[in-house]
Amino acid sequence: MQDRPVSPRSHKFVQVDVFTDRVFGGNPLAVLLDARGLDDALMQQIAREMNLSETVFLFPPTRPDCVAALRIFTPAREVPFAGHPTIGTTWVLAARGMAPKGAARFTLEEKIGPVPVELEGDPGRPSFIWMSQQDATFDPALENREAVARALGLTAADLWPAVPIQPGSTGNKFLFVPLRDKATVDRAVLDVRAMLEAMGERPRMGIFVFAPDPDAAAGRVYSRMFGPHSSGIPEDPATGSASGPLGAYLVLNGMVKGSGDVKIVSEQGAKMGRQSFVHIRLATRGGAVTDIRVGGGVVPVLEGELRI
């Protein structure tokens with residue numbers, strides 16, 4: 001007797017481009033609209049199949065103050081918090097009527113805790129979305145600057161002088177490496193083994209290289225992020241969770257000038273042909289940086305059905 005075929009489970013998903021205003025720009029994101037019934041191993045397999053920087057799996061919230069619960073997976077691991085998944089999922093929830101009708105603000109549940117979001121424009125099809133991030137924290141600087149530079153195919157002279165190479169986080173840790181100019185950022189090539197040796201006993205984290213505009217009042221920075229060793233992502237087109245601490249780093253180290261409410265734009269993904277613009281807002285009070293927000297536009301690309 002021939003075995004009866006097993007009916008596949010079906011899961012609808014939406015793919016959007018985040019931190020852009022045009023299709024095929026920004027950072028692509030897949031959002032599975034109802035992930036109930038999927039276990040951790042299967043979600044990881046799906047994220048690997050999607051092969052995007054992150055894939056989001058939506059579940060009913062466990063907190064009464066949240067609209068939905070997000071599980072966020074890179075091709076290599078689950079992360080507790082991420083930027084472009086938060087921004088992109090907010091747009092999907094609003095556009096598909098899965099958020100409170102007409103709401104310009106609501107909260108998402110992530111592993112790190114509740115993440116507030118704010119929508120601009122039509123709440124049913126927002127033109128721009130902001131997410132709030134925790135205050136940035138920074139670990140002690142790496143003193144072996146030459147080793148870090150070599151691990152990027154550069155020399156110590158290519159580093160921005162007199163500022164630290166330093167891990168920082170608003171919920172997802174990155175190593176921030178300041179470089180002297182945009183051309184140097186584009187020349188950087190990560191040697192994973194050499195970088196891990198340079199980092200010593202520190203945990204694996206994405207390597208975020210950047211160069212601020214020569215005019216500290218311009219509020220602009222050119223960036224790239226490498227994560228093959230930390231997230232299975234050779235290079236990320238736009239990294240929202242790194243952009244919050246990036247903004248704090250730039251202000252605290254005098255690379256962007258401003259007082260009160262500060263506005264910064266990080267251009268990322270240009271080197272890999274997916275230009276992204278990540279907007280950063282923060283407040284400076286008494287030498288401290290607070291009220292960090294990261295935002296951008298979202299463009300729908302495709303819808304599909306995953307059968308397992």
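# Burial, contacts and domain interface in a predicted model

T74 is buried, with a relative accessible area of 0%. This value, like every other in this report, refers to a predicted model. T74 occupies the loop that runs between β4 (69–73) and β5 (78–79). Beyond residues up to four places away in sequence, T74 touches Q44, A47, S53, E54, V79, S231 and I233.

One of these partners, S231, can be described in turn. S231 sits in the loop between β13 (220–227) and β14 (233–236). With 9% relative accessibility, S231 counts as buried, because the cut-off for burial is under 20% relative accessible area. When residues up to four places away in sequence are set aside, S231 touches T74, P75, A76 and R77. The contact between T74 and S231 thus joins a residue of the β4–β5 loop to a residue of the β13–β14 loop.

**Domain arrangement**

The domain assignment of the chain gives two parts: domain 1 (11–135 + 297–307) and domain 2 (137–291). Taken over C-alpha atoms, the centres of domain 1 and domain 2 are separated by 24 Å. Across the boundary, 24 residues of domain 1 are in contact with 27 residues of domain 2. Between them the two domains bury about 1900 Å², of which 49% is on carbon and sulfur atoms. On the domain 1 side, F19, W130 and D135 supply 30% of the area buried against domain 2, more than any other three residues.

The count of salt bridges between domain 1 and domain 2 is one. A salt bridge is formed by D17 and R274, whose closest N and O atoms are 3.2 Å apart.

**Residues in strands**

Three residues located in strands are set out below with their relative accessible areas.

| Residue | Relative accessible area | Class |
|---|---|---|
| Y222 | 6% | buried |
| T284 | 18% | buried |
| L302 | 36% | partly exposed |

Y222 lies in strand β13. Leaving aside neighbours within four places in sequence, Y222 is in contact with K182, V185, D186, V209, F210, A211, E267, A270 and K271. Among these partners, A211 is eleven residues from Y222 along the chain, and the C-alpha atoms of the two are separated by 5.3 Å.

T284 belongs to strand β16 (residues 276–285). With a relative accessible area of 18%, T284 is classed as buried because the limit for that class is under 20%. Outside the neighbours within four places in sequence, the contacts of T284 are V251, G258, S259, G260, V262 and V289. From T284 to R125 there are 159 residues in sequence and 32 Å in space, C-alpha to C-alpha.

L302 is found in strand β18 (residues 298–307). A relative accessible area of 36% makes L302 partly exposed, since this class lies between the buried limit of 20% and the exposed limit of 50%. Together with V23, F24 and V301, L302 forms a nonpolar patch on the surface. The accessible area of these patch residues together is about 340 Å².

Terms used: Residues are numbered from 1 along each chain as its sequence is written. This is a predicted model: local features need pLDDT of at least 70, side-chain atom pairs count only at pLDDT 80 or more; totals for chains, interfaces and linings use all residues. Side-chain values use heavy atoms; hydrogens and water are left out. Patches are made of residues with over 30% relative accessible area and no salt bridge: like charges are joined within 9 Å, nonpolar side chains (Val, Leu, Ile, Met, Phe, Trp, Tyr) within 5 Å. Accessible areas come from the Shrake-Rupley method with a 1.4 Å probe; for residues, only the protein chains shown count as cover. A salt bridge is a side-chain nitrogen of Lys or Arg within 4 Å of a carboxyl oxygen of Asp or Glu. Helices (H or I, at least four residues) and strands (E, at least two) are DSSP runs, numbered from the N terminus. Buried means under 20% relative accessible area, exposed over 50%, partly exposed in between (1.4 Å probe, protein chains only). Domain bounds come from an automatic or database domain assignment. Contact means heavy atoms within 4.5 Å. Buried area is the accessible area (1.4 Å probe) that two parts lose on being put together, summed over both.
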